[in-house]
Amino acid sequence: MSDGLEGVVAAQTVLSEVDGQAGRLIIRGHSLDELAGRTTFEQLVAVLFEGFYPDLPADLPAALGQARAEVFAEVAALDAGLVGRSPVEAVRALMARLADGDDMTTALRILAAPAVFTAAVVRAQAGEAPVAPDPSLGHAADALRMLRGTAPTQAEADALDTYLVTVSDHGLNASTFAARVVASTRAGLASAVLAGISALKGPLHGGAPGPVIDMLDGIGEPANARAWIEAALARGERLMGFGHRIYRVRDPRADALKQAVRWLDARQGRLEFAEAVEAAALAILRERKPDRPLDTNVEFYTALLLEALQFPPTAFTCVFAMGRVAGWLAHAREQLAGGRLIRPQSVYVGPAPRKAA
């Protein structure tokens, strides 16, 4: 038996392959290098959904824009109780208001919802009124406009598009597996996605990028990097932004997002500082754990990119869900198309019943 199902094949998929030895991510026959920075989120959704949603609209950006307008009505349920919760919990509660089903209309509303709800929750927690969607805009541009109340620059919209594409799918990760398990019960797309969000919020999965900002702020300047990192490791703390369960070399998503950060000229000073911290961390990790490959992962440059786009660190997991929801929906339909009810077995290791005297 494998701890954590390590090495166990639980599904066959045409959606993505994670090659941890080569540091390569393939999404439906395209390497991440081909997609990131060259493909919009809507174009990526069309690639993921092909064959699973036969009634996919010809004009997907317009259909997704209309879906944003439709789900905005649910923002009215954002009361003081939800505003007081963490952003991902508030977004999850609003997502739970969406109807279940497995049709295209349901899928589009679910796809649209994380962007609409994340912006509304962040603004509500800052004491600001929500901003209604603009269906004429691309998904990434509208997400930023709803968050900030003003139109983003093209570079900012392109950077968020790159992020959403980069995190859209990544093999059978914890949240995607959770979504497939629920989909296999025929519970509906909304239920499957709620399972995905619930898994994503854990600090060992999508809840990890926020602490990268805390680390950078704690270090303060490049000269402090080595001492700060060594002290953190001496305390037994995990160094956020480094190491990955699958990748044995550099995470290719880190490089894609680092390039996107470079597009945001105002953040160059922060990027140079982060690169110095990265170099110090990698040197220390090689010294301390020479037999264990620990390289930069997606969390490190996710944090820099989302910070530059003015998302608060508390909402980073919600932005992750904006992109990964595309993968969850594709995997759910793939599971429905050919998969059985997922029902693995367990090995009982508890006490045996007592025999009567």
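**Exercise 1. A salt bridge and its surroundings**

Classify Arg85 by its relative accessibility, and then state which residue Arg85 meets in a salt bridge.

Solution. Arg85 has a relative accessibility of 44%, and it therefore counts as partly exposed; the scale calls a residue buried under 20% relative accessible area, exposed over 50%, and partly exposed in between, with a 1.4 Å probe and protein chains only. Before going on, note that this is a predicted model, in which local features need pLDDT of at least 70, side-chain atom pairs count only at pLDDT 80 or more, and totals for chains, interfaces and linings use all residues. Residues are numbered from 1 along each chain as its sequence is written, and side-chain values use heavy atoms, with hydrogens and water left out.

The next step is the partner: Arg85 forms a salt bridge with Glu89, and their closest N and O atoms are 3.3 Å apart. A salt bridge here is a side-chain nitrogen of Lys or Arg within 4 Å of a carboxyl oxygen of Asp or Glu. Glu89, with a relative accessible area of 21%, is partly exposed.

**Exercise 2. Salt bridges between helices**

Find which helices are linked by the salt bridge of Glu334 with Arg180 and by that of Glu307 with Arg270.

Solution. Begin with Glu334 and Arg180, whose closest N and O atoms are 2.7 Å apart. Glu334 belongs to helix H16 (residues 316-338) and Arg180 to helix H9 (residues 174-184), so that this pair, 154 residues apart, links distant parts of the chain. Helices (H or I, at least four residues) and strands (E, at least two) are DSSP runs, numbered from the N terminus. Both Glu334 and Arg180 are buried.

Now take the second pair, in which the side chains of Glu307 and Arg270 meet at 2.8 Å, N to O. Because Glu307 lies in helix H15 (residues 298-308) and Arg270 in helix H14 (residues 268-288), the pair ties together parts that are 37 residues apart in sequence. Arg270, at 17% relative accessibility, counts as buried. Elsewhere, Arg68, Asp142 and Arg145 are linked in a network of salt bridges, and a search of the whole structure finds 16 salt bridges.

**Exercise 3. The length and packing of H10**

Check the expected span of helix H10 against its end C-alpha atoms, and say which helices its buried residues pack against.

Solution. The expected span is 1.5 Å times one less than the number of residues. For the 12 residues of H10 (residues 189-200) this gives 16 Å, and the end C-alpha atoms are 16 Å apart, so the two values agree.

Turning to the packing, the buried residues of H10 include Leu189, Val193, Ile197 and Leu200. The buried residues of H10 pack against helix H5 (87-95), helix H6 (104-125), H9 and H16.

**Exercise 4. The sheet**

In what order do the three strands form their sheet, and is the pairing parallel or antiparallel?

Solution. The strands form an open sheet in the order E1-E2-E3, with antiparallel pairing. Since E1 and E3 stand at the edges with a single partner strand each, one side of each is left without a neighbour in the sheet. Two strands pair if DSSP finds at least two bridges between them.

Consider the pairs in turn. Four bridges join E1 (residues 16-19) to E2 (residues 24-27); Glu17 stands opposite Ile26, and Asp19 stands opposite Arg24. Two bridges join E2 to E3 (residues 30-31), where His30 is the bridge partner of Ile27. E2 and E3 form a hairpin with two residues between them, and in the turn Arg28 has a positive phi of about 45°.

**Exercise 5. The nonpolar core**

Which residues have the most contacts inside the largest nonpolar core?

Solution. They are Phe117, Leu160, Tyr163 and Phe311, in a core of 110 residues. H6 gives the most to this core, with 14 residues. A nonpolar core is a set of buried Ala, Val, Leu, Ile, Met, Phe, Trp, Tyr and Cys residues joined through side-chain atoms within 4.5 Å.

Finally, look at Tyr163 itself: leaving aside neighbours within four places in sequence, Tyr163 is in contact (heavy atoms within 4.5 Å) with residues including Leu257, Leu305 and Phe320. Over the chain as a whole, buried residues make up 50% of the 357 residues.
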